[in-house]
Amino acid sequence: MKILQTSPIPLDTKSLLSSLGIEVEMGNGMMTKEEIAESIKGKDGIICLLRDKIDADVINSGADLKIIANYAVGYDNIDINLAKEKSIFVTNTPNVLTDTTADLAFSLLLSSARRIAEADRYVRRGDFHGWKPDEMLGCDVNGKTLGIFGFGRIGQAVAMRAKGFSMRIIYTGSEDKNIEGCEFVDFETLLRESDFISLNASLNEKSRHSFTIREFLRMKRSAIIINTARGALIKEDDLAEALEKRIIRYAGIDVYEFEPKINEKLLNLENIILAPHMGSATEETRKRMAEICIESIKEVLINKRRPSSCVN
Ligand code: DGY
């Protein structure tokens, strides 16, 4: 048996799988869609990254494919319906990155409120000449309202952190989750009442561009938006306009609409923190994600069972 792995991940997958009779063809982490479509021919499985587009062209080239193991919890890069039609399992890496990603969301929230990245640039430029009453003023977090857009595992983990900061928590999502101290509201209420909005929803055709200039205009002028989910939940040009015209106060952004391309307009703004899609980026979590991918490959190719993290 053979699999394609589009990038090294933090486990020696070649040795681990070769002892089970599975050969791994290793990509360099920068494979184009065309290269993946070519290399997937004759492979029984693939371990891929969220940057790899596994669409109909790729899936149709993989006539022998039995499993697509995505090294991520989100799987909007994969045509899961076509995979299902072809009886190919699609798996992700749930649970292990929940707290890690929530930590990053909360770091961006605090750093945006207190302008940490700006302050660092300020000091390095030599602009700090001693304590002043009006220097680098940010805004408080305690007692403020946090609106969570998408109240799944990660959204709820962000809420847990916010409770420790005495925040009021409101959320939108598919349903009322009946969680103590968290109030289910409609989208307009979330926009109107939140001081901070954290995006933790998955990306699909319904959620794409949930935040455009229309929504920014309905938010408080003092509002701060945090996105550690998927870039295309926000229309980036509109975010740039909202920040530039101070329609909202600040943004903490880890994910981009046209990743890895970063909107030039965002790059030129001071009131935004830009991170390189690093929600799950800790040594421990990235290793656990790798273990889940290997487990899923083994379940399907060796044990011939439906893997526990199957999403289709
Ligand atoms: C995921 O796993 O989907 C995250 O975006 C990684 O940071």
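# Briefing: two annotated domains and a bound ligand

UniProt, in an unreviewed entry, lists residues 7-312 as "domain: D-isomer specific 2-hydroxyacid dehydrogenase catalytic". The model shown here is predicted. Across residues 7-312 the chain is 35% helix and 14% strand. A ligand is present, and the protein buries 94% of the 240 Å² that the ligand exposes when taken alone.

**Annotated domains**

- The end C-alpha atoms of residues 7-312 lie 23 Å apart.
- UniProt also places "domain: D-isomer specific 2-hydroxyacid dehydrogenase NAD-binding" at residues 106-279, again from an unreviewed entry.
- Residues 106-279 are 31% helix and 16% strand.
- The end C-alpha atoms of that span, residues 106-279, are 11 Å apart.

**Strand 1 and its partners**

- Strand 1 covers residues 2-5 and pairs with strand 2, residues 23-26.
- The two run in the parallel sense, with 4 bridges between them.
- Within this pairing, isoleucine 3 stands opposite valine 24 of strand 2.
- From strand 1 the chain passes through helix 1, residues 13-18, to reach strand 2.
- This β-α-β crossover is right-handed.
- Strand 1 also runs parallel to strand 3, residues 45-48, and 3 bridges join them.
- Here leucine 4 of the chain faces its partner, standing opposite isoleucine 46 in strand 3.

**Ligand surroundings**

- The residues around the ligand are Leu50, Ala72, Val73, Gly74, Leu97, Arg230, His277, Gly279 and Ser280.
- By class, this shell has 4 nonpolar, 4 polar and 1 charged residues.
- Valine 73 places a backbone N or O atom 2.7 Å from an oxygen atom of the ligand.
- Histidine 277 uses its side chain: an N or O atom there is 2.7 Å from a ligand oxygen atom.
- Serine 280 has a backbone N or O atom 3.4 Å from an oxygen atom of the ligand.
- With the protein around it, the ligand has 94% of its 240 Å² buried.

**Backbone details**

- Glutamate 259 and proline 260 are joined by a cis peptide bond, with omega about 5 degrees.
- Proline 260 sits in the loop between strand 11 (250-253) and helix 11 (264-267).
- Methionine 136 is not a glycine, yet it has a positive phi of about 50 degrees.
- Methionine 136 belongs to the loop between helix 6 (116-124) and strand 6 (145-149).

Notes. Residues are numbered from 1 along each chain as its sequence is written. This is a predicted model: local features need pLDDT of at least 70, side-chain atom pairs count only at pLDDT 80 or more; totals for chains, interfaces and linings use all residues. Side-chain values use heavy atoms; hydrogens and water are left out. UniProt positions are given in the numbering used here, feature names are shortened, and annotations may be inferred rather than shown by experiment. Two strands pair if DSSP finds at least two bridges between them. A crossover is right-handed if, with the strands pointing away from the viewer, the path from the first strand over the helix to the second runs clockwise. A residue is near a molecule or strand if one of its heavy atoms lies within 4 Å of it. A polar contact is a pair of N or O atoms within 3.5 Å; within protein, one must be able to donate a hydrogen and the other to accept it, and residues adjacent in sequence count only if both atoms are side-chain atoms. Accessible areas come from the Shrake-Rupley method with a 1.4 Å probe; for residues, only the protein chains shown count as cover. Ala, Val, Leu, Ile, Met, Phe, Trp, Tyr, Cys and Pro count as nonpolar, Asp, Glu, Lys and Arg as charged, and the others, Gly among them, as polar.
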